[in-house]
2 protein chains.
Amino acid sequence: MKLSNKVEAMQFSPIRKFNPYGIKAEQEGKKVYHLNIGQPDVETPACFMEAIRNFDEKVIAYAESGGRPELLDAAIDYFKTYDVELERGDIMVTNGGSEALSMSFISLLNEGDEVLVPEPYYTNYATFALMAGGVVKPIPTTSEDGFFYADAAKIEACITPKTKAICCLEPGNPTGNCLTLDDMRVICEVAEKHDLMIIADEVYREFVYDGGTPGTFLQLPEYADRVIVVDSVSKRFSACGARIGLLISKNKEFMSGIMKIAQGRLCVSTVDQIGAAALFRLPASYYDEVKAEYCGRRDVVVEELNKIPGFSAPTPRGSFYMTCKLPVDDIEDFLMFLLTEFEDNGETVMFAPAEGFYATPGKGKDEIRIAYVLKKEDMKRGVELIRLGLEAYNKKLGK
Amino acid sequence: MKLSNKVEAMQFSPIRKFNPYGIKAEQEGKKVYHLNIGQPDVETPACFMEAIRNFDEKVIAYAESGGRPELLDAAIDYFKTYDVELERGDIMVTNGGSEALSMSFISLLNEGDEVLVPEPYYTNYATFALMAGGVVKPIPTTSEDGFFYADAAKIEACITPKTKAICCLEPGNPTGNCLTLDDMRVICEVAEKHDLMIIADEVYREFVYDGGTPGTFLQLPEYADRVIVVDSVSKRFSACGARIGLLISKNKEFMSGIMKIAQGRLCVSTVDQIGAAALFRLPASYYDEVKAEYCGRRDVVVEELNKIPGFSAPTPRGSFYMTCKLPVDDIEDFLMFLLTEFEDNGETVMFAPAEGFYATPGKGKDEIRIAYVLKKEDMKRGVELIRLGLEAYNKKLGK
């Protein structure tokens, strides 16, 4: 047996690479603060399980390949709050945002085709592109310029005859970057000029702070034919284990191709769809509460990071991640120190080394990604442990 | 925008092609007996929803990419009843058997590679192969020879340098065919000789009638390194809408490749996994009851079909499908007649034209697939309607 070139080229999740050391530290009795993964501790709204508990059909039957009508209609009503008018046929219910992404790549990419993705990026995009026989090409950005990429010249410099789409995660993971509607328009103009599709991964849509307005590429109807939006209940409703995503496009030809794949895999979980329909019916106040909670967590992280001598933390404006340089040469070595040597009152901390979010070799070696998914006191203590760990690490290195 | 060659080459489900006419007949007030799709009316065991209702974690969190431990352990215990010893690492929980199949194809096929599948076959195999950049190559069988293919010469005649795997659905859809352990050994020997993998889709494992013994390719440990088993709760537990499948292999390199894809898509539905773990804990008596029910349904179908003058129905030994010739030249034309012109006391019937299960052009034009998924009186009436429809159709044609 020989595995396919596609799978040989795939990487194991770089975020999970240090998990064995985290587990070992916990087995040794240490408490580990997990700032490394995007699994929030926010409770899933009770309506999710309530709706499922009330589901009383005797046969758990196949759902429609495109999704159950009550979920499609709930999503249609949700998008009305963004002044976006959708029909059922514009939406496909998927196994999480993940399947929406892999279906999109399979539908657009031939062998060797390229998808542009601003770097640093959510690493699984590379897996989805490889599954489709294609490859991710980074649009390089830096922490110094605030990871900004909505610049025609910057994007066009990366386009080749093989480029088929631009995939943007907005608000961003790992950067916390946000696009304005004008930024989105710039990206759409480039796509129009070069006949590319836009795959807009908007799973963090509501998580925009400091007075920023949550938006969607669907608010630009003049580019509707080029826009594919990926959505999910995972982050918005803290329901990561409910594998419900949405793939949305007004492009009928694209949606028709997607339906062929969807019929092949039959349907998405019936009970999860029942629960997700209830989530999309939550009142607007829900988003305000959750946004206030995450914004408070971010503020705690920034405040604590700024206690590191000589360090000035950035203030990311969206999602629940931030990526920043630390005054350390080799972040992976520092993380290993935290997990295998360091402790403070029996406690230590994990973050994600940012190197794994870059395709360009050598980039991100001095950067970390923090997911501010834990409650404020835990975030405060987690970042404090980074600071204390840094002191101990520098002492060890004789600095 | 241009869709990828992969998606352009995919077909819409041929089983669903006649759905609009079925829906129209129902809107016109006709009762339609659905013998066309594999959605059983058997109740899902209550333990599925009970386990989910009792699930009380406040955060519906990501599950492990490989699956929740309680489901893996329940599956391990289930396989012990087949004298098959598995470890957690031999099993990957998937989004239905569908994802297990597409993951397998993506892991094994490069652009243009071939998977052998006995024809007629479950049509979605073609979709999964195309998704992976490969293609299905049929091993031709006929209703006259009982759709038999466990013959080395027959299989070897289809092998080319591009062949990477043999994919068999056992017991079969659409044929109802069953393999003995000796048949499986013949297929394994061919795979060994030509360095192929075997993808054994065993989602109907327990549905073997007339004293046949349910079996699995996993019972041939000497070929364990070549065997990939696909399993699912959909059919066995009448839980099609619970998207829980299993991908099982003792081949560590293969499972390691699969894990890369699995990490990319994060995990499978948490609540469905909770419910599925309860299903795998059902006592052996459950399988006996369900088997007796389906066997009784099959007998009713065969008995009713044999009332068609001059017709002799085959007696399929497994799954809950049968494919047989009808004394009609053009089955699709006959089905259109049933849905748009015929009725008996306000009732009519749908089946699946078998042509869609063949890749070879022209084959199956006079064959139908019947899914015996309805209770006995409904199956009896459904097949009666086929017979009455046939009389009316022949009268219309002047025969």
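In this predicted model, a good place to start is a pair of helices in chain A: the axes of α11 (residues 284-305) and α13 (residues 376-396) of chain A come within 9 Å and cross at roughly 25 degrees. An angle under 35 degrees counts as roughly parallel, and α11(A) and α13(A) are therefore roughly parallel to each other. The crossing in which α11(A) passes α13(A) is right-handed. On the α11(A) side, the residues that take part are G296(A), R297(A), V300(A), V301(A), E304(A) and L305(A), and they meet K376(A), M379(A), K380(A), V383(A) and E384(A) of α13(A). Sorted by class, this contact holds five nonpolar, one polar and five charged residues.

A second pair of helices in chain A invites a look alongside. Helix α4 (residues 69-80) of chain A and α10(A) have axes that come within 8 Å and cross at roughly 20 degrees; α4(A) and α10(A) are therefore roughly parallel to each other. Here the crossing is left-handed. From α4(A), the residues E70(A), L71(A), A74(A), A75(A) and Y78(A) meet Q273(A), A276(A), A277(A) and F280(A) of α10(A). The contact of α4(A) with α10(A) has seven nonpolar, one polar and one charged residues.

Stepping back to the whole chain, the domain assignment divides chain A into domain 1 (5-43 + 285-396) and domain 2 (47-284). The C-alpha centres of these two domains of chain A lie 26 Å apart. Across the boundary, 39 residues of domain 1 of chain A are in contact with 33 residues of domain 2 of chain A. On the domain 1 side, the elements of chain A that give two or more residues are α1, α11, β9 (321-325) and β12 (367-371). Helix α11(A), already met as the partner of α13(A), gives the most to this side, with eight residues. By class, the domain 1 side has 19 nonpolar, eleven polar and nine charged residues.

The next topic is how the two chains come together. In the interface, 63 residues of chain A are in contact with 63 residues of chain B. The elements of chain A that give two or more residues to its side are α1 (5-9), α3 (47-53), α5 (96-108), α6 (124-131), α9 (252-264) and α10 (270-280). That side of chain A has 27 nonpolar, 23 polar and 13 charged residues. What rotation superposes chain A on chain B? A turn of 180 degrees does so, with 0.0 Å of shift along its axis and an RMSD of 0.0 Å. That is the relation of a two-fold axis. In chain A, the C-alpha nearest the axis belongs to R53(A), at 2.7 Å from it. Of the interface residues of chain A, 100% are also interface residues in chain B, so the copies meet through the same surface.

Finally, some backbone details deserve attention. Most residues other than glycine have a negative phi, and most peptide bonds are trans. Against that background, a cis peptide bond joins E119(A) and P120(A), with omega about 5 degrees. P120(A) sits in the loop between β3 (114-119) and α6 of chain A. In chain B, E170(B) and P171(B) are also joined by a cis peptide bond, with omega about -10 degrees, and P171(B) lies in the loop between β5 (163-169) and α8 (181-193) of chain B. D210(B) is not a glycine, yet its phi is positive, about 60 degrees. This residue, D210(B), is found in the loop between β6 (197-201) and β7 (227-232) of chain B.

Note on methods: Residues numbered from 1 in each chain as written. Chains lettered and ligands numbered in written order. Predicted model: local features only at pLDDT ≥ 70, side-chain atom pairs only at ≥ 80, totals over all residues. Contact = placed C-beta atoms within 7 Å. Helix = DSSP H or I, 4+ residues; strand = E, 2+ residues; numbered from the N terminus. Nonpolar A, V, L, I, M, F, W, Y, C, P; charged D, E, K, R; others polar. Axes fitted to C-alpha atoms, helices over the stretch in contact; angles between N-to-C directions. Parallel < 35°, antiparallel > 145°, perpendicular 65-115°, else oblique. Left-handed = near helix turned anticlockwise from the far one by under 90°. Least-squares fit on C-alpha atoms with pLDDT ≥ 70 in both. Domains from an automatic or database assignment.
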